[in-house]
Amino acid sequence: VAHCGGSNTGTLTLSGATGTAYQWQVSTDGYGLVWDNAPSTSTTFTYSGITTTTRYRVKVTSGSCGDAFSSIGTVTINQAFSAGVISGGGTPVCAGTNSIPLTLNDYIGSIQWEASTDNATFNAIGGAVGATYTPSNLTNTKYFRTVVTNGACASFPSPVAVVPVNPTPSVSVGTLAVINTTLASTLYLPY
């Protein structure tokens, strides 16, 4: 079972056990090495508001015949994510051969980079899941963001970073008329 942050509740149920007494136990040491008794002696245990990943088990006793322990159940608590902030955008590049590294800072969770040409519809960039993404060879202004997820926590996009692209200067084929009182000529310009 997984939850986001400390706002949670749930019920764990022991099944397939035979015994005369049940004692739920809890471990919060991160390894399941130290166990404390929890306040339940039935086949169910209700937890709420736990803030760290917690392991549970049940000690089953049958009179003087000894104890047996159930398998361990884990309730995972994911930290609420932080979408972070992208650095590196905003600097204009020239169309064509270019690259500009974008870096997501101050985030918690897993990253998926997305891109858009209109700052409205974003699409995931295949394989772009690291903290740094370097778009290259852009021909038009592009917008980038990340979507950050952390386990059971809802995903959320980061603020958008824009990479402005300036067009490559060019001159199209045209004519330039030179007027002279004694001579009129036309000059053709190459690309």
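Accessible areas here come from the Shrake-Rupley method with a 1.4 Å probe, and for residues only the protein chains shown count as cover. On that basis the protein chain exposes about 11,300 Å², with carbon and sulfur atoms supplying 53% of it. The structure is a predicted model, so local features need pLDDT of at least 70 and side-chain atom pairs count only at pLDDT 80 or more, while totals for chains, interfaces and linings use all residues. Residues are numbered from 1 along each chain as its sequence is written, and side-chain values use heavy atoms, with hydrogens and water left out.

What the chain is made of is quickly told: zero helices and 20 strands. (Helices, H or I of at least four residues, and strands, E of at least two, are DSSP runs numbered from the N terminus.) Of the 191 residues, 31% count as buried, where buried means under 20% relative accessible area, exposed over 50%, and partly exposed in between, using a 1.4 Å probe and protein chains only. As for contacts (heavy atoms within 4.5 Å), 56% of those with a separation of 6 or more are made by residues 24 or more positions apart.

Strand β15 (residues 142-150) is a good place to start looking at pairing, which requires that DSSP finds at least two bridges between two strands. β15 runs antiparallel to β12 (residues 110-116), and seven bridges join them; Glu114 stands opposite Arg145 there. Three bridges link β15 to β17 (residues 161-163), again antiparallel, with Tyr143 and Val162 as bridge partners. β15 also pairs with β16 (residues 153-157) in the antiparallel sense, over three bridges, and here Asn150 faces Cys153. β15 and β16 make a hairpin with two residues between them, and in the turn Gly151 has a positive phi of about 55 degrees.

Several of these strands turn up again in the largest nonpolar core. A nonpolar core is a set of buried Ala, Val, Leu, Ile, Met, Phe, Trp, Tyr and Cys residues joined through side-chain atoms within 4.5 Å. This one has 17 residues, and those touching the most other members are Ile86, Leu102, Leu104, Trp113, Ile125, Phe144 and Val163. At least two residues each come from β11 (102-105), β12, β15 and β17, and β12 gives the most, with three. Val163, leaving out residues up to four places away in sequence, touches Thr91, Val93, Ile100, Leu102, Leu138, Thr141, Lys142 and Phe144. Another core, of 14 residues, lies apart from it, and its members include Ala38, Tyr56, Val58 and Ile77. In soluble globular proteins, nonpolar side chains tend to be buried together.

β11 also sits in an open sheet of three strands, ordered β9-β11-β14 with antiparallel pairing. The edge strands, each pairing on one side only, are β9 (85-87) and β14 (132-133). Two bridges join β11 to β14, and Leu102 stands opposite Tyr133.

Elsewhere, strand β3 (residues 21-27) is mostly covered, with six of its seven residues buried. β3 runs antiparallel to β6 (residues 54-61), joined by seven bridges, and Ala21 stands opposite Thr61. Two bridges join β3 to β4 (residues 36-37), also antiparallel, with Asp36 as the bridge partner of Val26. Ser27 belongs to β3 too, and counts as buried because its relative accessible area is 1%. A polar atom of the Ser27 side chain lies 2.8 Å from the backbone oxygen of Val34. Neighbours within four places aside, Ser27 is in contact with Gly32, Leu33, Val34, Trp35, Thr54 and Arg55.

Finally, the aromatic rings. Rings of Phe, Tyr and Trp (its six-membered ring) pair if their centres lie within 6.5 Å; planes under 30 degrees apart count as stacked, over 60 as edge-to-face and the rest as tilted. The whole structure holds five aromatic pairs. In one of them, Phe45 and Tyr56 have ring centres 5.2 Å apart and planes at 45 degrees, so the pair is tilted. Phe45 lies in β5 (residues 44-48) and Tyr56 in β6, 11 residues apart, and the pair links distant parts of the chain. Both rings belong to buried residues, with relative accessibility at 9% for Phe45 and 4% for Tyr56. Trp113 and Tyr133 form a tilted pair as well, 5.9 Å centre to centre with 35 degrees between the planes. Trp113 is in β12 and Tyr133 in β14, so this pair ties together parts 20 residues apart in sequence. Trp113 counts as buried, at 0% relative accessibility. Trp24, Phe45, Tyr47 and Tyr56 form one aromatic cluster.

Key
A polar contact is a pair of N or O atoms within 3.5 Å; within protein, one must be able to donate a hydrogen and the other to accept it, and residues adjacent in sequence count only if both atoms are side-chain atoms.
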